[in-house]
Structures are given as structure tokens and as C-alpha cells.
Amino acid sequence: MAEPQQALSRTFPVKPKLRAKSKKPSKTPESKYWSSFKSNTIPKLISSVTSISFSPAIPHHFAASYSTSLTLFNSQTLEPVKSISSFKDVVSSTSFRSDGLLIAASDHSGLVQVFDVKTRTALRKLRGHTRPVRLVRYPRSDNLHLFSGGDDAVVKYWDVASESAVVEFRGHKDYVRCGDGSPASSELFATGSYDHTVKVWDVRVSNSDPSMEVNHGKPVEDVIFLPSGGLIATAGGNSVKIWDVIGGGKLLYSMENHNKTVTSVCVGKIGRDGGENSEEYRVLSVGLDGYMKVFDYSKFKITHSMRFPAPLLSIGFSPDCATRAIGTSGGVIFAGKRKVKGDVESGLRVFPSLGLVAEPQKRVLRPSYFRYFHRSQGEKPSEGDYLISKPKKVKMAEHDKLLKKFRHKDAFVSALSGKNPENVVAVMEELVARKKLLKCVANLDTEELGLLLAFLHRHSTVPRYAGLLMGLTKKVVQMRAEDIIASDILKAHIRNLKRSVEEEVRIQQSLQEIQGIISPLLRIAGRR
């Protein structure tokens, strides 16, 4: 009796359960960082947002220009703070002074104005451009000068106090659209033009020749100096290119990940809590394809991509790495605000008027709440869990949906309106099986009958479809003879169809003649 008991008590190994795998690829730490900016939509403005610039001074408010207005927004609450509407034409560009107390703005009337941020008073008006001004910038650390450029292809370096141009640069041959000051020197700045070139100017040089020039290959929409001062990034066409200024304008890399024109670029910095890549700089680009791309120019690769539901025209990133603002052609600003870990952990929130205010605690879910029954649905599967996935729905074409509803004529017309002859022939075969094809042909109006005759003209001589289509052609001509005689358009289709059939018959006769010549020769060659 001992042997059966031993057999019953024997254990058998059990195979471990399959580990559930998530369908979505895991995000990198940097991609998680850029995705952590909670997107907020600022109410629709009057027209497209042409420029966005952040104040270098805390709390880093940002200015957005649209139509004939310039509005300052709070970077914490994303609410409008002040608005300047004293412009006579469309505002094209804005720039804060290094201390954040003044802001310069240009418009299409050719005027450059300097405003006091607190009082919104126009302190200086710089006149000198004869065409719309597209660019105005303060140097990084110079509070006494600024430079501007416009459609007159002239770049001017201004003494703000005296409202006079110190130097004029006339090297560009087309509209000057963008520019940026060098972080290494206040006397050095770059401008980009629709003549495909980016020129670096030095105001200390007496002549008006550029210190360096590079050819982007497309009309230049934006140009920025990278933080080191030795590199510049240019945007134009569907590409962003990195150039070595110290190396004499050597092209280092060309990023061509956008599908349409790149309209604006800026420098973004990863915060201290960004993981192993914290405190590193990235180039952020936006384009008319609605995408924002994050480019790591140290490794020459795209690290993150985000799509928006409108063409993008401008982008700005706050110096404290907490706010990102993107302007669109539809007058909408997509502002992203990122939570700071210190504020979240301490349960405190900063309000401009109230200071630090404790955030309300989240309510504990109870069985009386609707959300109680939906808890844990977003959790990721762990080891030992079985993953049950829903079957994928098969997308049906429009004609298949109509056939399913027994709308035979509509399905036939929908297939004829498409560009795939295989779908049309498949629908015809299905209607033949249902004995509805001739009825559909009889109910077609003149325009729909024209679609059918045009299809028969193109594909009736194709060997794959000839067996079905030639028989259908005879039926169509017999059934709709009166309609064809009454319409000149249908007559033209019939003439084209007749011409193609005659041409096919002629080709087949020529092939038979050639076959008759070759067959005896092949027999003689086979005997040898």
C-alpha cells in the first residue's frame, strides 16, 4: 500500500503564467518630462499669434502679439495681465529687455516702439524703416540698444535713448524675418532673411559687411543662438540646421523631421528633476504641420514629439523651465504649465495675490461615488496577470457599409467615385449575385451614368475585368440609349469607349498576325 500513496503525493512542476505586456512603448525619462507640461488653451484671440517672448525677470510673464494688440500673460495662472492696443498696424515681433522692465514691439507700419511694462506707456518710437518691420530684439545684456529688420531688407542697430540708428546693415537681398543676439557678446547678433541666408553682424566693425554668412537653402523663418554662443540654429522649409559659428559657419547637422514649413524655434532647458538629462538644453521647433519637436543637438536626435490641432507659428519657453507657450494661426495659445515637485510634496500652491496657499486634500473614494466603481482601470498589469485585449474592429469601406444596409445604388455610386477599380468590380460582382446590377444601372441619373461610362472606358479592355465589363457595356448602351442620345457629355463618353474598344481589337488582330508568323518558325526550330 505504500507505493500507491507515494504516487499520489508526487508533485508536478507548473508552468509560470505569461507576463502581460503593454502595447504602448515605454516612454523615456525625457519624453515623460516634456509630456508633464499640462496643456491649457488660452481663449481664442482675434487673429494668428505672430510672436511669443518670455520676460527674463521673475516671475517670467510672457507677451503674445496678435493683430494690432500685445498682451502680457501671467506665467503662473496663464491669465492676461495687461494689454497694449495703441498700434496702428499688425504687431509682428516683441522682445523684453534683460531686466524685464521694458518691452519693444514692431508692427507692419514700419514703427518700432518701446513700452514700460508697468504703465504700458510708449517711451520711445523708432522711425527709420520704410516697409513692415518683422524683427526687433534687445541684446542679451545691453539695455541701451536694440536691433531691428524688416521687408526693406535693412537691419538697423538703434540707440534707444536718442531714438537714432547707430549702424545700418544692407547685406540682405530680401525680406529680413528673424534674428537673435549672441549670449557671448552684446555687439554680435544674427539675422535671417528670405534670400536663404543668415548673416552674423558685429557692430564694432566699421563697414557693413557681415562677419559670417551661411546659406540655409530655403527662406529663413527663424534663427537663434544656442546658449554656448558658438552655435546657431536656423529654421526654414521643413528643416532645422545647426551651424558652427566658431568654425566659420560649418554645417553640423540638418534635422528634417517636419512635414511642412518650420515657423519658429527656441531653446528649452530640462529642469533639475528631469532625470539624467537635467540641466541640459534642447532646441524646440514648431511648424505648419502642427508638430512640436524637441531636438537634442548634442546627440543630433529627436527626443520628443507632440502634435497640436492647428498650424503653429510661434513658441516660447520660460527661463525657469516651468511654462511653455505655443501660438497658432487660428488665434489660440497652447500654454503648458509644469508642476514643480517641491510645491506638490509640500501641498502648497503659489498665488500672485495670496502667496502660498494650501491645496485642498483629495476626497477618499467611497462606494457611494461613481468613480469608486471605475478605480484601478488605468493601472498597468503586473507579473502573473492575464491581459485580455479587445478584438480590433475591422474598418469597413463606405460601399461595404452601404451594401450591408442594402442600399445598392448608393454603394455602386460610392465605389465608382473612388479610385480603386478592384473595389468597383467587386461591388459589381456582389450586385450580380444579388441580381441588382441592372436595376442600379437603370436608376442612375445623368451624372452617375457619366461616372459609369468613364469607368468602362478606362477599364473595359483590361484582361482581368473584360469578361464582366464588356457584357455590362452592351447592357448599358441598350438600356440607356435614349439618355445617351439626349446628352452631349454621355455621347463623348460613348465615343471614347468606342475608340478604346476599336484600338483593343486592332491590337488583338496584330497579335494574332504575329502569332501566325512565329508559330511555324517555332515548329521548325523544335524539329531541329
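This short talk goes through the nonpolar cores, one buried serine and a few backbone details of a predicted model.

Let me begin with the cores. The largest nonpolar core has 28 residues, and the ones with the most contacts inside it are Phe412, Met428, Leu452, Leu456, Leu472 and Val476. If you look at where this core comes from, the elements that give it two or more residues are α4 (398-404), α5 (408-417), α6, α7, α8 (446-459), α9 (463-479) and α11 (488-527). A second core, separate from that one, has 18 residues, among them Met292, Met306, Leu312 and Val332. As general background, nonpolar side chains in soluble globular proteins tend to be buried together.

Staying with the largest core for a moment, which residues is Val476 in contact with, once its neighbours within four places in sequence are left aside? Those partners are Val441, Leu449, Leu452, Leu453, Leu456, Ala481 and Ile484, and of these Leu452 and Leu456 are also listed among the residues with the most contacts inside the core.

Now to the serine, Ser264, which you will find in strand β22, running over residues 262-269. Is Ser264 buried or exposed? Ser264 counts as buried because its relative accessibility is 7%, and the cut-off for buried is under 20%. The side chain of Ser264 is joined to that of Asp222 by a polar contact of 3.3 Å. Beyond its neighbours within four places in sequence, Ser264 is in contact with Asp222, with Leu284, Ser285 and Val286, and with Leu313, Ser314 and Ile315.

I will turn next to the backbone, where three places deserve a mention. In the loop between β2 (49-54) and β3 (62-66) we have Pro59, and the peptide bond that joins Ile58 to Pro59 is cis, with omega at about 10 degrees.

The other two places concern phi. Cys321, which sits in the loop between β26 (312-317) and β27 (323-328), has a phi near 60 degrees, a positive value in a residue other than glycine. Lys435, in the loop between α6 (421-433) and α7 (437-443), likewise has a positive phi near 60 degrees without being glycine. As for their surroundings, Cys321 counts as buried, at 9% relative accessibility, whereas Lys435, at 75%, counts as exposed.

To close on that pair, then, we have a positive phi in a buried cysteine, Cys321, and a positive phi in an exposed lysine, Lys435.

Technical notes:
Residues numbered from 1 in each chain as written. Predicted model: local features only at pLDDT ≥ 70, side-chain atom pairs only at ≥ 80, totals over all residues. Heavy atoms only, no water. Helix = DSSP H or I, 4+ residues; strand = E, 2+ residues; numbered from the N terminus. Buried < 20%, exposed > 50% of the residue type's maximum accessible area, 1.4 Å probe, protein only. Polar contact = N/O pair within 3.5 Å; in protein donor to acceptor, adjacent residues only side chain to side chain. Contact = heavy atoms within 4.5 Å. Core = buried A, V, L, I, M, F, W, Y, C linked by side-chain atoms within 4.5 Å.
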